[in-house]
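I opened this notebook to record what I looked up in one structure, entry by entry. The entries move from a single side chain to charged pairs and then to helix packing.

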Amino acid sequence: MRIEVAGHTHVGMKRNHNEDNYLILQEENLCCVADGMGGHSSGEIASKIAVDELAEFFRMTARDQDATWPFKMDKARNYDENRLATGIKLANKSIYEKATNESKYKGMGTTIVSVHFTKDSAYVGHVGDSRVYFFRQGVLRQLTEDHSLLNDYLKAKKLTPEEIENFPHKNVIVRALGMKELVQVDVTKVEPQQGDVFLLCSDGLSGMVTDPQIQDLLGRTLELEKACSQLIDLANAAGGNDNVTCVLARFHAN
């Protein structure tokens with residue numbers, strides 16, 4: 001098994017600093033995207049803590065599989081699912097404590113999406129409205145469900161495209177790292193096939209570029225570095241209202 005991966009981030013066309021961060025940890029076949037919030041530099045700090053904590057936890061557990069974890073194992077999940085969820089929970093704890101103890105960071109938080117590849121599986125962990133998509137044989141599918149007020153409304157009742165477009169609280173997130181001392185982490189298991197591509201992105205991409213546009217571009221562009229750059233160009237050409245970050249990971253079975 002081999003993972004080919006590329007990542008890019010851009011401040012966008014409207015913001016003056018970038019609160020997104022991303023991680024590519026090749027030795028652990030782990031990648032993630034975090035979209036910070038909190039104003040000033042707080043969002044950038046929250047998203048940096050998230051990717052750093054997750055990377056450190058994976059490095060530590062790779063060195064010592066018997067290391068004591070700060071959270072109990074969820075018996076409904078296997079080792080790899082628990083490992084990913086625990087790394088994200090640790091990141092949440094660090095952000096929450098910093099925001100609680102230092103007044104200048106009060107209210108900071110971040111979304112996170114992550115994918116960890118093992119020999120025959122891919123584990124997707126996420127909190128917030130950043131997304132993971134899955135591209136197989138020309139078809140794009142969203143793997144994560146947005147933890148947003150808009151998505152809660154969509155699940156509760158059908159909204160017309162016009163109502164969705166004019167929804168007044170489109171950017172309200174109902175779950176993120178740093179909001180509470182404990183966080184619920186969604187983890188999904190996927191069995192990848194040769195050539196499958198996973199896209200991790202902040203809402204600076206998914207909010208500006210449609211799923212059909214993403215699908216079309218990934219179908220036309222095999223080189224991951226080039227595809228990352230072109231996706232960001234599409235978001236910026238559509239207005240670039242937010243920071244935009246994407247990571248692309250292609251699964252090779254051998």
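What follows are my notes on a predicted model.

**Entry 1: Asn 243**

I began with Asn 243, and asked first where it is found. I located Asn 243 in the loop between helix H7 (224-237) and strand S11 (244-252). Is this residue buried or exposed? I noted a relative accessibility of 2% for Asn 243, and because the limit for buried is under 20%, the residue counts as buried.

I then looked up what the side chain of Asn 243 reaches, and found the backbone oxygen of His 17 at 3.1 Å. A polar atom of the same Asn 243 side chain lies 2.8 Å from the backbone nitrogen of Glu 19. Setting aside neighbours within four places in sequence, I listed the contacts of Asn 243, among them His 10, Val 11, Gly 12, Arg 15, Asn 18 and Asp 20. Ser 202 and Gly 204 are also in contact with Asn 243.

**Entry 2: salt bridges**

I turned next to charged pairs, bearing in mind that side chains of opposite charge can pair when their charged atoms come close. How many salt bridges are there? The count comes to twelve, and I wrote up three of the pairs.

For Arg 131 and Asp 146, I recorded a salt bridge in which the closest N and O atoms are 2.7 Å apart. This pair links distant parts of the chain, with Arg 131 in strand S7 (residues 131-136) and Asp 146, 15 residues apart from it, in the loop between strand S8 (139-142) and helix H3 (149-156). I checked the accessibility of both partners, and Arg 131 and Asp 146 are both buried.

Strand S7 came up again with Arg 136, whose side chain meets that of Asp 196 in a salt bridge (2.7 Å, N to O). Asp 196 lies in the loop between strand S9 (186-190) and strand S10 (197-201) while Arg 136 is in strand S7, so the pair ties together parts that are 60 residues apart in sequence. I noted that Asp 196 is buried, at 2% relative accessibility, whereas Arg 136 is partly exposed, with a relative accessible area of 22%.

The third pair I wrote up is Arg 220 with Asp 216, whose side chains meet at 2.9 Å, N to O. Both residues lie in helix H6 (residues 211-220), four residues apart, which is about one turn of the helix. Arg 220 is exposed, with a relative accessible area of 56%, and Asp 216 counts as partly exposed at 42%.

**Entry 3: helix packing**

I stayed with H6 and looked up how H6 and H7 pack, finding an angle of about 150° and axes 10 Å apart. H6 and H7 are therefore roughly antiparallel to each other, and their crossing is right-handed. On the H6 side I listed Ile 214, Leu 217 and Leu 218, which meet Ala 227, Gln 230, Leu 231 and Leu 234 in H7.

I then examined helix H1 (residues 42-63) and helix H2 (residues 79-101), whose axes come within 8 Å and cross at roughly 140°. H1 and H2 are therefore oblique to each other, and H1 passes H2 in a right-handed crossing. The residues of H1 that meet H2 include Ile 45, Ile 49, Leu 54, Phe 57 and Phe 58, and those on the H2 side include Tyr 79, Leu 84, Ile 88, Leu 90 and Ile 95.

Key:
Residues numbered from 1 in each chain as written. Predicted model: local features only at pLDDT ≥ 70, side-chain atom pairs only at ≥ 80, totals over all residues. Heavy atoms only, no water. Helix = DSSP H or I, 4+ residues; strand = E, 2+ residues; numbered from the N terminus. Buried < 20%, exposed > 50% of the residue type's maximum accessible area, 1.4 Å probe, protein only. Polar contact = N/O pair within 3.5 Å; in protein donor to acceptor, adjacent residues only side chain to side chain. Contact = heavy atoms within 4.5 Å. Salt bridge = Lys/Arg side-chain N within 4 Å of Asp/Glu carboxyl O. Axes fitted to C-alpha atoms, helices over the stretch in contact; angles between N-to-C directions. Parallel < 35°, antiparallel > 145°, perpendicular 65-115°, else oblique. Left-handed = near helix turned anticlockwise from the far one by under 90°.
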